[in-house]
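Q: Please examine closely one part of the model shown below, namely the site at which its ligand is held, together with any unusual backbone geometry that deserves a remark. A single connected account would be preferred.

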Amino acid sequence: MQNFQDVQRAAEALHGLLQKGAPSAFLCGTDGAGQPPLGIVLGTGLSFLADSIADSVTVPYAAIPGFPVSSVEGHVGAFVWGHMPRQCGESDEPGRTVIVQQGRCHLYEGRSPAEVCMGVRVMAAMGVRTLVITNASGALNPLFDVPGLMCMTDIINQTGVSPLTGANCDVWGPRFPDMSAPLDARLRTLAMETAARLGLRLERGVYIGVHGPEMETPAETRMYRQWGADAVGMSSVLEIIAARHLGMAVLGLSCLTNRNLPDCMAPTSLEQICDVAQKAGKNLARLIRALVTKL
Ligand code: HPA
């Protein structure tokens, strides 16, 4: 398990740097309405979603002691603090204070489960209680549109590791955390209702997280589908486990960037995934902007 002190040190450094960037901002764990900040993790090709944050302060991961920096294209590598949605002239909507992780690191980069989950644990130390986790994934369900969006109903951790291995940190959560509902049903309902109101198609399905970096073989794809997975990707499952261990409520939203069907496998590349994620991400951005004040 990750070292508690390492997370505290990183959270204090981030807090100090944010305060330096916006001395008047609400940085004491709640916004003006007394709500804790909403945490958002932006996955591959989705970093641009942070562009719609107002009064933003950006802190690169490299400026935070001990914080892992992603080596993957499409992951900016910074925390962005601010308000969403952006205030528009006629609206007196106060918006919601958000802290956004613009990019993440992965097991396939050679990072440990502790490094992969550091962002989530730092956000918890900053007062985050509700977390939106986004990613890019391949659609295993043949009925899903690509590009498309999927709201995660459940996860399968096929990475072979857990962020909770080793001595438990009792301050964060219990030794054997419950995983009967890794994703929050209330948040999911809000997401489905909001998507319907916006006229966006939002699938519901099970996300399977694999180690990578190699893409799936046809036999693996067939097996994952038979296990009940609807989409496959190389992130998110460890973060969701760490977040649930910390008692956070999690909403998982996936951008379906390619079809991953065993009988008609098509080669895909990171460039293609990033390209499609940016296109599907426009709808994801609309959904998140409409959702933030409700979560
Ligand atoms: N497989 C694994 N990870 C992915 C995929 C995929 O098809 N698409 C986007 N991330």
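A: Pro213 is placed in the loop between strand E7 (202-210) and helix H4 (218-227). In this predicted model, the peptide bond that joins Gly212 to Pro213 is cis, with omega about 10°. Most peptide bonds are trans.

From this loop the account turns to the ligand. Its shell consists of Ala136, Ser137, Gly138, Met215, Glu216, Val232, Gly233, Met234, Thr257, Asn258, Asn260 and Ile273. Strands E5 (130-139), E8 (231-233) and E9 (249-259) each contribute at least two residues to that shell, and E5 gives the largest share, three residues. By class, the shell comprises five nonpolar, six polar and one charged residues.

Three side chains supply polar atoms at short listed distances from the ligand. A polar side-chain atom of Glu216 is 2.8 Å from a ligand nitrogen, and one of Asn258 is 2.7 Å from a ligand nitrogen. For Asn260, an N or O atom of the side chain lies 2.8 Å from an oxygen atom of the ligand. Of the 260 Å² that the ligand exposes when taken alone, the protein buries 95%.

The ligand sits in the largest pocket, which holds about 380 Å³ of space. Its lining numbers 23 residues, and those nearest the centre are Tyr108, Met215, Met234, Leu270 and Ile273. Among these, Met215, Met234 and Ile273 also belong to the shell around the ligand. E5, E8, E9 and helix H6 (270-291) each provide at least two lining residues. Once again E5 has the largest share, with four residues of the pocket lining and three of the ligand shell. The lining divides into nine nonpolar, 12 polar and two charged residues.

Two further points concern the backbone. A second cis peptide bond links Val146 and Pro147, with omega about -5°; Pro147 is in the loop that runs between E5 and strand E6 (148-158). Asp55, in strand E2 (residues 54-60), has a positive phi, near 50°, although the residue is not glycine. Most residues other than glycine have a negative phi.

Technical notes: Residues are numbered from 1 along each chain as its sequence is written. This is a predicted model: local features need pLDDT of at least 70, side-chain atom pairs count only at pLDDT 80 or more; totals for chains, interfaces and linings use all residues. Side-chain values use heavy atoms; hydrogens and water are left out. A residue is near a molecule or strand if one of its heavy atoms lies within 4 Å of it. A polar contact is a pair of N or O atoms within 3.5 Å; within protein, one must be able to donate a hydrogen and the other to accept it, and residues adjacent in sequence count only if both atoms are side-chain atoms. Accessible areas come from the Shrake-Rupley method with a 1.4 Å probe; for residues, only the protein chains shown count as cover. On a 1 Å grid over the protein atoms alone, a cavity is a set of points where a 1.4 Å probe fits but cannot get out, and a pocket is an open set with protein on both sides within 12 Å along at least five of seven lines; lining residues have an atom within 4 Å of a point. A molecule sits in a cavity or pocket if more than half of its atoms lie within 2 Å of its grid points. Ala, Val, Leu, Ile, Met, Phe, Trp, Tyr, Cys and Pro count as nonpolar, Asp, Glu, Lys and Arg as charged, and the others, Gly among them, as polar. Grid points are joined across faces, edges and corners, and a volume is the space filled by probe spheres set on the points.
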